[in-house]
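Here is a short tour for anyone who likes to have the model open while reading. We will look at pockets, then cores, then a few spots in the backbone.

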Amino acid sequence: MTFADRRQAGQELAKALAGYRDRRPVVLALPRGGVPVAAEVAAALHAPLDLILVRKIGVPGHHELAMGAVSDGGQTAVVRNEEIISLAGVDEAEFDAARDRELAEIERRRRCYLGDRPPIDITGRLAIVVDDGIATGATTRAALRAVRARGPDKVVLAVPVAPAEAVAALRAEVDDLICLDIPEPFYAIGVHYGDFTQVSDDEVRRLLARHSPAKS
């Protein structure tokens, strides 16, 4: 399956999520790529849109190699890749320092995108976590655990495309999982989009403003 762009992927996801429209959902996007997808879902479900911010924790000196992930949206969740941590010889102090750097970047991005607006209270509500796709699932897992810690009634993960192994691993983290395409073999998220242009910070801010709680 190929989506014209993130907007069209979001429209297709919204159709699959239509049954949740009357459940007072809150849509939580993983920026930046997940925001245009989530905005379409929020519009269709008449739901507020917020962010769940996640950062990869890279091995010192080899940042592209993920030894974990951290997420913060009112609650912090950390996912560790113990195999990579051990193979890279990373001690606890090094891991904690890398984690704290990414938490600082998360806070910077939250201020950039949301200013002083606090996270939406999802206690007792239906939380729908949306991204433009999943590759390995590590950052998604961190996001889901941070969302779960905030006390929602149910957590739903909704993505246009993901590999089968990631979908299978993440089902245990959620109450429902919607994935429109599970290709075999899976190569990359961008392969499944006609237009996979990087989303700008300005676009993120514009979409969040359009779907703020006061307007939903």
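Lining the second largest pocket are 8 charged, 5 nonpolar and 3 polar residues. This is a predicted model, and the volume of that pocket comes to about 270 Å³. Among its 16 lining residues, R6, R7, P36, E203 and L207 are the closest to the centre. Helices α1 (6-16), α2 (34-45) and α7 (201-210) each contribute at least two residues to the lining.

The largest pocket holds about 930 Å³ of space. It is lined by 35 residues, and P31, V54, K56, D131 and T139 sit closest to its centre. Two or more lining residues come from each of β3 (53-59), β4 (62-72), β5 (76-80), α4 and α5 (138-148). Here are the two linings by class:

| Pocket | Nonpolar | Polar | Charged |
|---|---|---|---|
| Largest | 15 residues | 11 residues | 9 residues |
| Second largest | 5 residues | 3 residues | 8 residues |

Now to the interior. In soluble globular proteins, nonpolar side chains tend to be buried together. The largest nonpolar core here has 45 residues, and those touching the most other members are L17, V27, L49, L51, M67, I128 and V130. Helix α2 is the top contributor to this core, with 7 residues. Leaving aside residues up to four places away in sequence, V130 is in contact with L13, V27, L28, A29, L30, G34, V37, A38 and A158. A separate core has 28 residues, including V26, L30, V147 and C179.

Helix α4 (residues 92-114) is home to E105. Is E105 buried or exposed? Its relative accessibility is 19%, so E105 counts as buried, the cut-off being under 20%. The side chain of E105 also makes a polar contact of 2.8 Å with the side chain of R108.

Finally, the backbone. Most residues other than glycine have a negative phi, and most peptide bonds are trans. Two loop residues depart from the first pattern. R24, in the loop between α1 and β1, has a positive phi of about 55° without being a glycine. H46, in the loop between α2 and β2 (49-51), likewise has a positive phi of about 55° and is not a glycine. R24 is exposed, at a relative accessible area of 54%, and H46 counts as exposed at 54% relative accessibility.

Cis peptide bonds turn up too. One joins P31 and R32, with omega about 0°, and R32 lies in the loop between β1 (25-29) and α2. Another runs from E184 to P185, with omega near 0°; P185 belongs to the loop between β8 (176-181) and α7.

Conventions
Residues numbered from 1 in each chain as written. Predicted model: local features only at pLDDT ≥ 70, side-chain atom pairs only at ≥ 80, totals over all residues. Heavy atoms only, no water. Helix = DSSP H or I, 4+ residues; strand = E, 2+ residues; numbered from the N terminus. Buried < 20%, exposed > 50% of the residue type's maximum accessible area, 1.4 Å probe, protein only. Polar contact = N/O pair within 3.5 Å; in protein donor to acceptor, adjacent residues only side chain to side chain. 1 Å grid on protein atoms, 1.4 Å probe; cavity = no way out; pocket = protein on both sides within 12 Å on 5 of 7 lines; lining within 4 Å. Points joined across faces, edges and corners; volume = space filled by probe spheres on them. Nonpolar A, V, L, I, M, F, W, Y, C, P; charged D, E, K, R; others polar. Core = buried A, V, L, I, M, F, W, Y, C linked by side-chain atoms within 4.5 Å. Contact = heavy atoms within 4.5 Å.
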